[in-house]
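This note is offered to a colleague who has the model open. Its points may be read in order beside the coordinates.

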Amino acid sequence: MTITDLCQLMLVAGAAAYLQTLTGFAFGLVMMGAVAILGLTSLADAAIIVGILSVVNSIHILIRGWRDVAWHEFWLVVGPSLAATIVGYAMLESVAASNLAVLQLILGLVIIAAAAQLVSKPQPLNIRSSASRFIVAGAAGGLLGGLFATAGPPLVYLFYRQPMAITSIRVTLVLVFAVGILFRTTLVVATGGFPFVAVLWSLLAVPVILAATEIAHRWPPAMSPKFFRRLTFGLLLASGLSLSLKALI
């Protein structure tokens, strides 16, 4: 990775952290989409970088909000999520070695689906979903987490429909994602595919993420959260379409 690439990586990381702080969503997908489009590194390495930076972001959130974790729902999803992470990571290793275009197309479609989810308004439920729905969502999220270190879409959709406090939903999701990413990183190390130079790139981006998060907290722009959700939607949609077309052409 050249100095120019590294600067682009840090700018993307800062923008993703800033948008997530304002919208509560999409750090990993913004990062993965931008890294893939700019060609800064391979998708496998990008997933590791996104994972490390996501953990940093998660720790920052959990230090303040761990008491709000919904432990019952957490335990329902985390087991299936970790099991499916193994399958997703095995798929990444297999597909990346044989057909990069397929991997880019899958990532593009996932990002487009997440973009649509961001602006949709699912009807909140009057009672909590059954345990089986949490298990299925955990497995689906784990599969995406194993592939791209971005387990968000199915879990976000399910949790935000629950009759739960928003703070509890956000913190619980953050913890699920952090555990999943740590588990995925362990898999990468265990299989001998861990590029330690990615750790250096990630560490260099950490100060940018912390600064962007702090700026968003202290000096939020004089614009509505709805505007920033639309902005994030536009970024995700553009990157998803770009990746999908790139894979098909």
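The numbered points below concern a predicted model and take up its helices, its nonpolar cores and a few individual residues.

1. Helix H9 covers residues 196-218, 23 residues in all. The distance from its first C-alpha to its last is 34 Å, close to the 33 Å expected at 1.5 Å a residue. H9 nevertheless carries a bend of about 30° at Ala-205. A proline, Pro-207, follows within four residues of that position.

2. Which residues of H9 are buried? They are Ala-198, Trp-201, Ser-202, Ala-205, Val-206, Ile-209, Ala-212, Thr-213 and Ala-216. The residue at the bend, Ala-205, is thus listed among the buried positions of the helix.

3. Ser-202 belongs to helix H9 and counts as buried because its relative accessibility is 0%, where the cut-off for burial is under 20%. Neighbours within four places in sequence aside, Ser-202 is in contact with Ile-49, Ile-52 and Leu-53.

4. Ile-52 presents the other side of that contact. This residue sits in helix H3, residues 43-65, and is classed as buried at 18% relative accessibility. Not counting residues up to four places away in sequence, Ile-52 touches Ile-181, Phe-194, Val-199 and Ser-202. Its C-alpha atom is separated by 9.0 Å from that of Ala-198, although the two residues are 146 apart along the chain.

5. The largest nonpolar core has 47 residues. Those touching the most other members are Leu-9, Phe-27, Met-31, Met-32, Leu-53, Leu-103 and Leu-107. Among these, Met-31 is in contact with Leu-9, Val-12, Ala-13, Ala-16, Val-50 and Leu-53, once its neighbours within four places in sequence are left aside. Another core, of 20 residues, lies apart from the largest one; its members include Ala-70, Ala-137, Val-156 and Ile-169. In soluble globular proteins, nonpolar side chains tend to be buried together.

6. How do the axes of H6 and H7 cross? Helix H6 (residues 131-148) and helix H7 (residues 152-159) have axes that come within 7 Å and cross at roughly 155°. The two helices are therefore roughly antiparallel, since angles over 145 degrees fall in that class. On the H6 side the contact is made by Arg-133, Phe-134, Ala-137, Gly-138, Ala-140, Gly-141 and Leu-144. On the H7 side it is made by Pro-153, Pro-154, Leu-155, Leu-158 and Phe-159.

7. The end C-alpha atoms of H6 are 26 Å apart, in agreement with the 26 Å that its 18 residues should span at 1.5 Å a residue. Its buried residues are Phe-134, Ala-137, Gly-138, Gly-141, Gly-142, Leu-144, Gly-145, Gly-146, Leu-147 and Phe-148. Just after H6, Ala-149 adopts a positive phi of about 60°.

8. Is Gly-142, in helix H6, buried or exposed? Its relative accessible area is 0%, so Gly-142 is buried. With neighbours within four places in sequence left aside, Gly-142 is in contact with Ser-81, Ala-84 and Thr-85. The C-alpha atoms of Gly-142 and Val-78 are separated by 8.5 Å, the residues being 64 apart along the chain.

9. H7 is mostly covered, with 6 of its 8 residues buried. These are Gly-152, Pro-153, Leu-155, Val-156, Leu-158 and Phe-159. In the loop between H7 and helix H8 (166-190) lies Tyr-160, which is partly exposed at 28% relative accessibility. Tyr-160 touches Ile-166, Ile-169, Arg-170 and Leu-173, residues up to four places away in sequence not being counted. Its C-alpha atom and that of Arg-170, 10 residues apart along the chain, are separated by 8.7 Å.

10. Glu-73 deserves inspection as an individual residue. Glu-73 is placed in helix H4, residues 71-98, and its relative accessibility of 4% makes it count as buried. Neighbours within four places in sequence excepted, Glu-73 is in contact with Arg-128, Phe-134, Phe-159 and Met-164. Of these partners, Phe-134 of H6 and Phe-159 of H7 also take part in the contact between those two helices.

11. Leu-236 lies in helix H10, residues 225-248, and is buried at 0% relative accessibility. The C-alpha atoms of Leu-236 and Pro-80 are separated by 27 Å, and the two residues are 156 apart along the chain.

Key
Residues numbered from 1 in each chain as written. Predicted model: local features only at pLDDT ≥ 70, side-chain atom pairs only at ≥ 80, totals over all residues. Heavy atoms only, no water. Expected span 1.5 Å × (residues − 1). Bend = angle between axes of the 7 residues up to and from the residue. Buried < 20%, exposed > 50% of the residue type's maximum accessible area, 1.4 Å probe, protein only. Core = buried A, V, L, I, M, F, W, Y, C linked by side-chain atoms within 4.5 Å. Contact = heavy atoms within 4.5 Å. Axes fitted to C-alpha atoms, helices over the stretch in contact; angles between N-to-C directions. Parallel < 35°, antiparallel > 145°, perpendicular 65-115°, else oblique.
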